[in-house]
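Thanks for coming. I will take a few minutes to walk through one structure, with the sequence and the model on the screen.

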Amino acid sequence: IPTFTLIHGTPGDGGRGFVPFIADRALCWGALDRDVFVQAGADPSKVIPVGCPRIPAATEVARHDACHEFAKGTTTRPTVLCAISAHGRPRWREVVAQLDAALRELPGLRGVVRLHPSDGEDVYAHIKARHPNLLVRRAREDRLADLIAECCIVITDGSGVGGDALVLGRPVVVMPGEPLVQGHTRVLIEE
């Protein structure tokens, strides 16, 4: 029986933990990922870039492009999307507090914090209680493409949302200071 492994995310530290593949084929997001696996010793014919299933056709974003609407003057509050993960990231509280403080100085902007699917209700409750000016969205509440389409810039601590935003034509700011820059964050910074 032929087998394959579907790799979710970027390979991170030189493909460590993935190569050698046990499956017959490895399905990855793109050419950058494929190159990492090949450099780590994978057979190039067994690594197949298939794209990221979260990224819809660009036409979906074009239909409700918030940046375009703001430029035309048909919307009054452009959105800053902050995609964070509390899991394993010690600075998430600081990032949210900095966003809230910055947006208080820029009242024409709206702030949305999109939580990682692994973040629990405690993270949601913390942000809602301490930062009532920010709209907090659980991962299951909105389609990611819709949130990206509604924003003019994405701030991330290394979430895959940053990569999605770049593909969909949004500028991305990667928050510095995580103890180990790897995975999505490394790809965002280096590419």
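Let me start with one pair of residues: Thr79 has Arg110 in β5 as its bridge partner. Before going on, please keep in mind that this is a predicted model.

That pair belongs to a longer match. Strand β4, residues 79-83, is joined to β5 by 5 bridges, and the two strands run parallel. Strand β5 itself covers residues 110-114, and 4 of its 5 residues are buried, so I would call the strand mostly covered.

What does β5 pair with besides this? There is strand β6, residues 135-137, which pairs with β5 in the parallel sense over 3 bridges. Here Val112 has Leu135 in β6 as its bridge partner.

Now the whole sheet. It is an open sheet of 5 strands, in the order β6-β5-β4-β7-β8, and the pairing is parallel. The edges are held by β6 and by β8, residues 172-174; each has a single partner strand, so one side of each is left without a neighbour in the sheet. From one strand to the next, the twist averages 20°. As a general reminder, strands of a sheet pair through backbone hydrogen bonds, either parallel or antiparallel.

At the β8 end, strand β7, residues 151-156, pairs with β8 in the parallel sense over 3 bridges. One residue pair to look at there is Thr156 and its bridge partner in β8, Val174.

Next, the other sheet I want to show. This one is open and has 3 strands, ordered β1-β2-β3, again with parallel pairing. Its edge strands are β1 and β3, the latter at residues 47-49, and each of them pairs on one side only. Neighbouring strands in this sheet are turned against each other by 20° on average, ignoring direction. Between β1 and β2, which run parallel, there are 3 bridges. Thr5 stands opposite Ala26 in β2.

Helix α1, residues 31-39, lies across β2 and β3, and runs at about 170° to β3.

There is also a detail in the loop between β1, residues 4-6, and β2, residues 25-28: this is where Pro20 sits. The peptide bond joining Val19 and Pro20 is cis, with omega at about 5°.

Now a helix pair. In general, two packed helices are described by the angle between their axes and the distance between the axes. For helix α4, residues 92-105, and helix α5, residues 121-130, the angle is about 30° and the axes are 11 Å apart. Angles under 35 degrees count as roughly parallel, so α4 is roughly parallel to α5. The crossing of α4 past α5 is right-handed.

Which residues of α4 and α5 meet? From α4 they are Trp92, Arg93, Val96 and Asp100, and from α5 they are Val123, His126, Ile127 and Arg130. Sorted by class, this contact has 4 nonpolar, 1 polar and 3 charged residues.

Finally, some totals. The protein has 8 helices and 8 strands. Of its 191 residues, 40% are buried. Among contacts in the protein with a separation of 6 or more, 52% are between residues 24 or more positions apart.

That is the end of the tour.

Terms used
Residues numbered from 1 in each chain as written. Predicted model: local features only at pLDDT ≥ 70, side-chain atom pairs only at ≥ 80, totals over all residues. Heavy atoms only, no water. Axes fitted to C-alpha atoms, helices over the stretch in contact; angles between N-to-C directions. Helix = DSSP H or I, 4+ residues; strand = E, 2+ residues; numbered from the N terminus. Parallel < 35°, antiparallel > 145°, perpendicular 65-115°, else oblique. Left-handed = near helix turned anticlockwise from the far one by under 90°. Contact = heavy atoms within 4.5 Å. Nonpolar A, V, L, I, M, F, W, Y, C, P; charged D, E, K, R; others polar. Pairing = 2+ DSSP bridges. Buried < 20%, exposed > 50% of the residue type's maximum accessible area, 1.4 Å probe, protein only.
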